[in-house]
Amino acid sequence: MPNIVFVNEGKTIEAVAGSNLRKVAGKNNIQLYSGLDVLLNCRGNGLCGTCRIEVVDGKGVSPMKPIEEGSMMSWFPWMVRSVPKNHRLACQSELTNDCQIKTHPQYSIDKEATKERMQMFGIWTVLGGIFTAMLGLMALDIVKLM
Ligand code: FES
């Protein structure tokens, strides 16, 4: 059975290959979440990005799933986090071999991607406002004709 070393906690845990890292951490009282995320996480569905871990040497866990990168980058229009290749979502990672895990890894904001996303958000907000105003004017015309 592979060993998982939780570096920050100083714990080594033996787990069955194929085990989900979020479940292994939970069973061994290793907290993956910080602050309000303890309560406001997606319960392992790969949507919130709050169970981010760092696989120290990048080995010993299953390959990244498509949903992971999006969740780690953030779904919000005002921020895009950078995603180093060895960062993973614990809830989407299965143990394949011995590995070292750091909980609560530091991440940085990807300024270029954030700027692009905010520009697109601004454009869509303006277009949505114009469309809504046009619908409102059309509705007023219809009311006037009645
Ligand atoms: S618990 Fe939400 S992404 Fe893992």
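**Close-up views of a predicted two-domain chain**

Along the sequence, the elements of this chain come in the order β-β-α-β-α-β-β-α. The model is a predicted one, and the legends below walk through it view by view.

**Figure 1. The whole chain, with its 3 helices and 5 strands.** Let us start with the overall outline. The radius of gyration is 21 Å, whereas the globule rule gives 15 Å for 146 residues, so the chain is more spread out than a compact globule. Along the principal axes, the C-alpha atoms fill a box of roughly 75 × 30 × 25 Å. Burial applies to 23% of the 146 residues. Among contacts between residues at least 6 apart in sequence, 68% join residues at least 24 apart.

**Figure 2. Domain 1 (3–103) and domain 2 (111–146).** Here the view turns to how the two parts sit relative to each other. Their C-alpha centres are 39 Å apart. The contact between them draws 4 residues from domain 1 and 5 residues from domain 2. What kind of residues does domain 1 place on the side that touches domain 2? That side has 4 nonpolar residues, no polar ones and no charged ones.

**Figure 3. Helix 3, residues 111–145.** This helix invites a quick check of its geometry. With 1.5 Å a residue, and the span taken as 1.5 Å times one less than the number of residues, the 35 residues of helix 3 should cover 51 Å, and the end C-alpha atoms are indeed 51 Å apart, so the two values agree. Is helix 3 buried or in the open? The number of buried residues among its 35 is 0, so helix 3 lies largely in the open. A buried residue would need 20 or more other C-beta atoms within 10 Å of its own.

**Figure 4. The largest nonpolar core, a set of 20 residues.** In soluble globular proteins, nonpolar side chains tend to be buried together. Ile4, Leu21, Ile53, Ala90 and Ile101 have the most contacts inside this core. Two or more residues apiece come from strand 1 (3–6), helix 1 (21–27), strand 3 (52–55) and strand 5 (99–103). Which element gives the largest share? Helix 1 does, with 3 residues.

**Figure 5. Leu21 and the residues it touches.** Finally, we zoom in on one member of the core. Leaving aside residues up to four places away in sequence, Leu21 touches Ile53, Val61, Ala90, Ser93, Leu95 and Ile101. Of these partners, Ile53, Ala90 and Ile101 are also listed with Leu21 among the residues with the most contacts inside the core.

Key: Residues are numbered from 1 along each chain as its sequence is written. This is a predicted model: local features need pLDDT of at least 70, side-chain atom pairs count only at pLDDT 80 or more; totals for chains, interfaces and linings use all residues. Domain bounds come from an automatic or database domain assignment. Two residues are in contact if their C-beta atoms, placed from the backbone, lie within 7 Å. Ala, Val, Leu, Ile, Met, Phe, Trp, Tyr, Cys and Pro count as nonpolar, Asp, Glu, Lys and Arg as charged, and the others, Gly among them, as polar. Helices (H or I, at least four residues) and strands (E, at least two) are DSSP runs, numbered from the N terminus. A residue is buried if 20 or more other C-beta atoms lie within 10 Å of its own, exposed if 12 or fewer, and partly exposed in between; C-beta atoms are placed from the backbone. The radius of gyration is taken over C-alpha atoms; the globule rule is 2.2 Å times the number of residues to the power 0.38. A nonpolar core is a set of buried Ala, Val, Leu, Ile, Met, Phe, Trp, Tyr and Cys residues joined through C-beta atoms within 7 Å.
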